[in-house]
Amino acid sequence: MPCSYAQSELDSIHKDTLQNIENTNQEQLKYNQTKKKEVDILIAKLEKTTPKLKTELFLQISEFYRTELRDSDKALEYATLAVKQSNELRDKNLIAQSSIQAGALHRNRGESDFALTLLLRGLSAAEEIGNDSLQTDALHKIAVTYLLMRDFEQSYEYALKEEKLWRKLGSEYGLASAVNLKGISLIYLKRLDEAIQSLEQGLVIAKKLENDDLLYKLFSNLADAHLKKEELGKAVSYITKSKEITERINDNYGNIANMLKMGEIYSAKGEISKAINTAEKGVDLAQNFRYAALARNGYEALREIYFRAGNYKKAFENQSLAVAMNDSLSNISRRHQVSNMQTYYESERKNRENQLLKEESKNKNLTLYLISAVALIAFLLVGLFIYRTQIKKKTITRLRKQNDEIRSVYEQMSKQATIINDTNTTLTESINYARRIQDAMQVNTTTIFEELNDYFIIDRPRDIVSGDCYWFEQRQGEFYVALADCTGHGIPGAFMTILCNSLLNDIFNSRQGVRSPAEMLIELHRRLIHHLHQHKSNVQDGMDIALCRINTTEKTLTYSGAKQPLLYVDKDGEFNRFKASSLPIGGHEVKIKRKFEDITIHYQIGDSLYITSDGFQDQFGGKNDKKFMSKRLYDMLSQTHKMPLEKQKIHIENQLEKWQANNDQTDDIMMIGIKLS
C-alpha cells in the first residue's frame, strides 16, 4: 500500500467510526425485537421437561442471550442455573459445558479469579469424559482469562495446549484462533518476531476461511506487533485493513479498539496532536458503551502519548485515571465474585443436606420393616436407631456449625485478600511509573556515554526501582562517569539516587574550578550532609561511589572512590584493582573528615575499566548456595576482556543467571564497562 494512501486511510478512520456506531445501534434495536420473541418460546419450554433437558435449555437460552441479544446479565443468569442443575445431576458433560459457559461470562464482567475457578472445573470435567471439543473451548477461555489478568506466561502456556489439540483435531478455524491468542501473549512477553510469525500463520488460515471476525483481530494484533517493533508503515497498513472489516461488520468494540491503536501509531509517528485527539475520542466512546477495560487501556495509551510529548502533568492525570478505572474493575469483580460464590456454595450445601435427609428416611423405613417382622429385635433396633439418630443429629449440627465458621473465615479472608490485591496493584503500577521517571532522568547522560563507542551498562533492580544509579557528563574532551550504590534498595534507595544525580549535576555545573574526581567527592559528601541535616538528624543514609575522568586526548584516566573500587584490565589481560577510600559518602560517621585521593593512569587503546555495585559479588547461588564473591568476578573479567563489550555484557549476564538459578535477587545489581579509545 502506498504510504500516502495509508496515511489518508488512517486520518479518516475516526470520522467513519462515529457514523457506523450510530447505524449499528439502530439496526441492533430492530434485530433485538425480533429475537426476543424467539427466546420467549425457548423459556416457555422449561415448564414441562426433564431435569437433563432443562439444563440443556438453560445453556441454549444463555447462549441465545449472549450472541443474539447481547444481554450478558440474562446470559449469566441462565448459565448459573445450568451450573446448579448439572451439579445436581452429576452429569460430567453438562458440568463441563455449563462451567465453561458461566466462566466465560464471569470473565467478561471482569470477575477473572472466579471465572478461572469455573473454567478449570469445566476443563477437568471435559478431560474426564475425553471430550476434545470442550477441552479446546476451555483451554482458549482460560488463556484469554490469564491474558486479562496480565499473567502472560500462563496465557501463552494454555494457548500452546489449545494449538496442539486443534492440530490433532484438524480444525482450521480453531487453529487460527489459537495461534492468534498465542501471538497476543508473545507480544506482551516482548517476543515480537515469534508473535508476528504466529499471527501470520493465523492470517493465512483466516483468509482461506474468509472469516471476518478472525481477520480483523489478526490484522489489529499484527499492527500492534509491528508498532512495538517501530515498523510504522506495516502497522498503518494492518490497522487500516482491520478498520475496513470492523466498519463493514458493524463491530463497535473492534472500531473503538482500532481507534485507540491509531492514537498509539500517531504518537509513534510524532503526530502528537492527532494522537491525543484520536485516543481521547476512543476513550469517550469506550466510556459511552461501558467498555471499562477498553477505557482503561485508552487512559494508559494517553499516558504514554503525553509522556512522549513531555507533558508529565497530563501523563500523571491519565495514569491516575487508568489506576482508578482498574480499581473500579477490581471492586466490581470482587463484589460479584462474593455474591456468585455464595450462590454456588448455598446450592451445593443444600444438595448435601438433601442427601442427609434421604439417608435418614431410608434408615427409618428399614427400622419399621424390621419392627414389623420381629418384635424383640424391633425393640433393640428402636433403641439403636434412636441412639444413631441422636449421634447423627449431633454430627449434622457440628458440621453445620463448622460450615458456618468456615464460611465466616472465608468471607473475612476474601475481604482481606481484596484489600491486599487492590493495594498491591496500585502500588505496583505506581512503582512501575516511578521506574520510568528514574530512567528518564538518565536519558541525556546515556547520550553522552554513547560517544565512548564500546561500552555496556547492566542495570538489574531488585524491586523495580533501584538504589543503584549511574551519572555521566562531558566537557572539552573529558568524560566523567560515576556509579553510586545508595543505602537501601527499592523506593528508599530510589530517592537517594535522585538526590545523588541532582547533587552531582549541581557540583559539575556550579563550580567551574572543580574538575578532579577527588574534589567532586569531597563536595558531594559536604552537600549530602547539608541536605539531609545529618549533623542534627537521625538520617544516616549515604552511598558508595566510584568516579572517573577520561581524557581521550592525553590518554589518561583519573579515578577516586568511596568504598567503590576501580577494576582495570589492560589490553594484554593483566588485571588491576585500585582501592577506594574506606569511608562512604554521608552515612554513619559524618564527623570523621573525608580524604579522597586521585589515582591517574596513562592508558593504552584497548584497555578496559569496570565499576560495579556490590550486588553482583553478594548474589547467592551456585551448587552450595554461596555468594558469587569478588575473586570469581575478577577472574571472569580477565577471561572475557578481549571480547567486544556488548558480547561481554551478554556473557556476564548469562553467568549471573546461571549462578543465581532459582534464588531470589538479594540486592540491586549495576555494572559499567568501558573499552578505552
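**Exercise 1. Is E210 buried or exposed, going by its relative accessible area?**

Keep in mind that you're working with a predicted model.

- Step 1: Find the spot. E210 sits in the loop that links α9 (192-209) to α10 (212-228).
- Step 2: Check the backbone. Phi of E210 is near 55°, which is positive even though the residue isn't a glycine. This comes just after α9.
- Step 3: Read the accessibility. E210 has a relative accessible area of 66%, and the cut-off for exposed is over 50%. So E210 counts as exposed.

**Exercise 2. Work out how K555 is classed by relative accessibility.**

- Step 1: Locate K555. Look in the loop between β4 (542-551) and β5 (556-562).
- Step 2: Look at phi. K555 isn't a glycine, yet its phi is positive, at about 55°.
- Step 3: Get the class. Relative accessibility is 26% for K555. Buried would need under 20% and exposed over 50%, so K555 lands in the partly exposed class.

**Exercise 3. Check the span of α9, then find what its buried residues pack against.**

- Step 1: Work out the expected span. α9 has 18 residues, and at 1.5 Å a residue they should span 26 Å. The rule takes 1.5 Å times one less than the number of residues.
- Step 2: Compare with the model. The end C-alpha atoms of α9 are 26 Å apart, so the two values agree.
- Step 3: List the buried residues. They are L192, A195, I196, S198, L199, G202, L203, I205 and A206.
- Step 4: Think about the spacing. An α-helix has 3.6 residues a turn, so residues three or four places apart point the same way.
- Step 5: Find the partners. The buried residues of α9 pack against α8 (172-188), α10 and α11 (232-248).

**Exercise 4. Place strand β1 in its sheet and say what lies across it.**

- Step 1: Start with burial. β1 covers residues 455-460, and 5 of its 6 residues are buried.
- Step 2: Find the pairing partner. β1 runs antiparallel to β13 (residues 669-675), with 6 bridges between them. Two pairs to click on: F456 stands opposite G673, and D459 stands opposite M670.
- Step 3: Widen the view. The open sheet has 5 strands, ordered β1-β13-β10-β6-β7, with antiparallel pairing. β1 and β7 (575-578) are its edge strands, each pairing on one side only. From one strand to the next, the twist averages 15°.
- Step 4: Add the helix. α21 (residues 645-660) lies across β1, β10 (608-612) and β13, and runs at about 25° to β1.

Definitions and conventions:
Residues numbered from 1 in each chain as written. Predicted model: local features only at pLDDT ≥ 70, side-chain atom pairs only at ≥ 80, totals over all residues. Heavy atoms only, no water. Buried < 20%, exposed > 50% of the residue type's maximum accessible area, 1.4 Å probe, protein only. Helix = DSSP H or I, 4+ residues; strand = E, 2+ residues; numbered from the N terminus. Pairing = 2+ DSSP bridges. Axes fitted to C-alpha atoms, helices over the stretch in contact; angles between N-to-C directions. Contact = heavy atoms within 4.5 Å.
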